[in-house]
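Q: Hey, I'm new to this one. Can you pull it up and walk me through it?
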Amino acid sequence: MNKKKNHMGQEARMNALVKETIVVVIVGVVLLITSMVSNFLMSSTLRNQVQTTKALEEYRLASKEFTVDAQSYVVTGEEHFYEAYMQETDVDKTREKAVATLEDSNLTDEEWTRFQEIQVIDDSMIPAELAAFEAMKKGDAKAAEEYVFGDAYTDAVEQSDALIAELIEDISARLEAG
């Protein structure tokens with residue numbers, strides 16, 4: 001009888017041990033899945049941050065390219081600067097591509113509004129650049145210089161650059177904070 005009781009005790013302990021092992025395995029699997037999901041979400045957030053920051057940087061660089069090409073053309077009169085400006089405007093369209101990327105990103109309404117304000121500033125410089133090109137074609141370098149080196153144009157360039165740098169910084173901080 002004692003042997004039978006001892007055997008039953010061992011069987012109960014074995015069953016309890018099997019149940020505990022199953023619970024540990026289930027908890028381990030749940031933790032593993034949770035970890036994988038967390039890593040995926042963090043990776044997705046990081047990917048979105050990189051994509052957004054890259055698009056903003058591409059937009060900023062394209063805007064600067066417009067400025068550099070316009071100013072270089074006015075200073076040197078070399079046609080390739082004018083052609084580069086027109087290539088960007090008519091073919092490459094880097095700014096437009098960056099805007100399309102940003103439209104698909106996770107910008108908040110406030111960030112999108114701030115970006116649109118930057119676009120307004122950048123777009124306001126285009127007439128001055130085109131007027132400078134026309135002045136150069138007419139041989140009026142002095143007028144052309146005023147268009148792209150005057151206070152209004154220079155202020156717009158500085159304001160745009162400062163605002164986009166601030167926006168990039170704020171978006172990065174928001175995305176890093178999660």
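A: Sure. One term before we start: contact means heavy atoms within 4.5 Å. Also keep in mind that this is a predicted model.

Q: OK, let's try a single residue. Which residues does S72 touch, not counting residues up to four places away in sequence?
A: With those sequence neighbors left out, S72 touches G77 and F81.

Q: And where is S72 found?
A: S72 sits in helix α1, which covers residues 2-76.

Q: Buried or exposed, that S72?
A: Buried. The cut-off is under 20% relative accessible area, and S72 counts as buried because its relative accessibility is 17%.

Q: Switching topic. Which residues of α3 are buried?
A: Those are R95, A98, V99 and L102. They cover an arc of only 100 degrees around the axis, so they lie on the same side of α3.

Q: What exposed residues does the face turned away from that buried side carry?
A: That face of α3 carries K97 and E103, which are exposed.

Q: How do α3 and α4 cross?
A: Helix α3 is residues 94-103 and helix α4 is residues 109-137; their axes come within 12 Å and cross at roughly 170 degrees. An angle over 145 degrees counts as roughly antiparallel, so that is what α3 is to α4.

Q: Which residues make the contact?
A: From α3 there are R95, V99, L102 and E103, and from α4 there are W112, F115, Q119, D122, D123 and I126. R95, V99 and L102 are also among the buried residues of α3, while E103 is on the face turned away from the buried side.

Q: What's the mix by class in the contact of α3 with α4?
A: It has 5 nonpolar, 1 polar and 4 charged residues.

Q: What about α4 by itself, how many residues does it have and how far does it reach?
A: α4 has 29 residues, and from its first C-alpha to its last it reaches 43 Å. That is close to the 42 Å expected at 1.5 Å a residue.

Q: What comes just after α4?
A: G139 does, and it takes a positive phi of about 85 degrees.

Q: At what angle do α4 and α5 pack?
A: α4 and helix α5 (residues 141-149) pack at about 170 degrees, with axes 8 Å apart. They are therefore roughly antiparallel to each other.

Q: Which residues meet there, in α4 and in α5?
A: A128, E129, A131, A132, A135 and M136 of α4 meet A141, A143, A144, Y147 and V148 of α5. By class, that contact divides into 10 nonpolar, no polar and 1 charged.

Definitions and conventions:
Residues are numbered from 1 along each chain as its sequence is written. This is a predicted model: local features need pLDDT of at least 70, side-chain atom pairs count only at pLDDT 80 or more; totals for chains, interfaces and linings use all residues. Side-chain values use heavy atoms; hydrogens and water are left out. Axes are lines fitted to C-alpha atoms, for helices over the stretch in contact, and angles run from 0 to 180 degrees between N-to-C directions. Helices (H or I, at least four residues) and strands (E, at least two) are DSSP runs, numbered from the N terminus. Angles under 35 degrees count as roughly parallel, over 145 as roughly antiparallel, 65 to 115 as roughly perpendicular and the rest as oblique. Ala, Val, Leu, Ile, Met, Phe, Trp, Tyr, Cys and Pro count as nonpolar, Asp, Glu, Lys and Arg as charged, and the others, Gly among them, as polar. Buried means under 20% relative accessible area, exposed over 50%, partly exposed in between (1.4 Å probe, protein chains only). The arc is that of the directions from the helix axis to the C-beta atoms. The expected span of a helix is 1.5 Å times one less than its number of residues.
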